[in-house]
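Let's take a friendly walk through this protein chain. Have a look at the picture, and then we will visit a few spots together.

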Amino acid sequence: MRPQALIIDDEPDILDLLLMTLENMGVDCRTAETIKQAHAALSEQLFDICLTDMRLPDGDGIDLVKMMQKKYPQIPVAVITAHGSMELAVLALKAGAFDFVSKPLKLKVLRDLVSTALKLSRKNEAVIDSQESARTTLLGKTPAIQDVQNKIAKLARSQAPVYISGESGTGKELVARLIHKQGARADSAFVAVNCGAIPSELVESEFFGHKKGAFTGAISDKQGLFQAANGGTLFLDEIADLPLAMQVKLLRALQEKSVRPVGGNEEISINVRVLSATHSNLAEKVKQGQFREDLFYRVNVIELHVPPLRDRVEDISLLSDHILQKLAESNEIQKVSLNKSAINALQKYSFPGNVRELENILERALTWLEGDVISVADLMLPEENRTDTVDVENKKSGLIQENDLESHLEDQERQLITQALESTRWNKTAAAKKLGITFRALRYKLKKLNLE
Ligand SMILES: Nc1ncnc2c1ncn2[C@@H]1O[C@H](COP(=O)(O)OP(=O)(O)O)[C@@H](O)[C@H]1O
Ligand SMILES: [Mg+2]
């Protein structure tokens, strides 16, 4: 069956353009001029997409979006906004609109929007299926994480920019990947970029690409990240680290839905959903003048907060189990487990590095482990957060600063390991034996101490 669209607009010119474009795409259209007529049409048949003007004779587009969210949440609604009225577009997205397109209508943008919406409606059942598997990927049974899972499912159906906040290691990138995977763009690329990792003089060409000869070193045309993500999702990680000059250019690209490669003179239209994240407080950066307010407003249409691990303590044992399972598979060893006191200690630990830190702690414990049960001591949790009192005396005396102690111990380790290696002519197996540790443990130490 041909896809069905409902178009709500009372301007004949726009209506003609929409009808022509959609019919060319093989979509059957029905039109309505008022919200009342739209109601009637919706009660008579099912639609795959709904396009509405913002100003209608008997109400505004936002009211229609809200009504649709309530009564027909499975139908993607896009709003058509007047030129330059970002505020309304943002309001519509917040109210649950799938996307927006601004006047004067650009045919390419309109077509991209429609085909994304149609993929979504065809994907409907598949989406529901994959929600289950996605749930098992973002692990957690606490209400805090289930709330995140539900929001992901909902946001996946929208094209709205989502700003994912939360401490380092909480799972922000994982969340972004799931929004992509459960949405209409799943078959296209997910491109993740760490904004803080690109030298500022290269950011523009990384994002938008460049033409051969645009600057010294530009020996050939290069595609930018926006083009690489075309049709898919671009994940701007650590967006707070973006240089101010680049923030202006990013804002422009998002508004125009097009980019201009460095040294090029034509605009390339792009169809990309932008998700962003940072571990710092973006609103605070805006106050301090380090992040542009207009860009903040544009990327932060919807905020999704990922809670720190210490606020979902009940998930720690579930997560640990999953991590140990993965580690066992990748190291091709029997799965090990945590004893009760180890789980207890983890539940009391503050996890400044969140899930990523939990992964590291377990991986390190496994490296050193002789048997198949991890106990508290194997976890080697940092002193200040340890719940037992063995080292309290050391701390009280205040003679040795924590970092000094660590580097002091590392120096000693380095010396002992080097001696052992020298006396065995760098035979690692023999050296490990001599030191009374496993080969795996030695390999870990060598890496950690940069002795390789
Ligand atoms: N709820 C979760 N279930 C399973 N794995 C998780 C969960 N949250 C985080 N992780 C894992 O923890 C690590 C850090 O997550 P990541 O998304 O990179 O964090 P962030 O981007 O917030 O720094 C990744 O390996 C990720 O797969
Ligand atoms: Mg990250």
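## Loops, domains and a ligand

Pro-104 sits in the loop between strand E7 (99-102) and helix H5 (107-137); here helices (H or I, at least four residues) and strands (E, at least two) are DSSP runs, numbered from the N terminus. A cis peptide bond links Lys-103 to Pro-104, with omega at about -5°.

Before going on, note that this is a predicted model, where local features need pLDDT of at least 70, side-chain atom pairs count only at pLDDT 80 or more, and totals for chains, interfaces and linings use all residues. Residues are numbered from 1 along each chain as its sequence is written, chains are lettered from A and ligands numbered from 1 in the order in which they are written, and side-chain values use heavy atoms, with hydrogens and water left out.

Two other loops are worth a stop. Lys-257 is not a glycine, yet its phi is positive, about 55°; this residue belongs to the loop between helix H10 (244-256) and strand E11 (258-259). Phe-351 also has a positive phi, near 45°, in a residue other than glycine, and its place is the loop between helix H14 (340-348) and H15.

Now zoom out. The domain assignment (bounds from an automatic or database source) gives domain 1 (4-122), domain 2 (138-305), domain 3 (308-388) and domain 4 (400-452). The contact between domain 1 and domain 2 takes 20 residues from each, where contact means heavy atoms within 4.5 Å. Their C-alpha centres lie 26 Å apart. Together they bury about 1,700 Å², 54% of it on carbon and sulfur atoms; buried area is the accessible area (1.4 Å probe) that two parts lose on being put together, summed over both.

What surrounds ligand 1? There are 15 residues around it, and the closest are Leu-139, Gly-169, Lys-172, Arg-356 and Glu-359; a residue is near if one of its heavy atoms lies within 4 Å. At least three residues of this shell come from each of domain 2 and domain 3. The table lists polar contacts, which are pairs of N or O atoms within 3.5 Å.

| Ligand 1 atom | Protein partner | Distance |
|---|---|---|
| nitrogen | polar backbone atom of Thr-137 | 3.3 Å |
| oxygen | polar backbone atom of Gly-171 | 3.1 Å |
| oxygen | polar side-chain atom of Glu-359 | 2.9 Å |

On its own, ligand 1 has 560 Å² of accessible area, and the protein covers 86% of that (Shrake-Rupley method, 1.4 Å probe). Helix H7 (172-181) and helix H15 (354-368) are the elements that give two or more residues to the shell.

Key. Polar contact = N/O pair within 3.5 Å; in protein donor to acceptor, adjacent residues only side chain to side chain.
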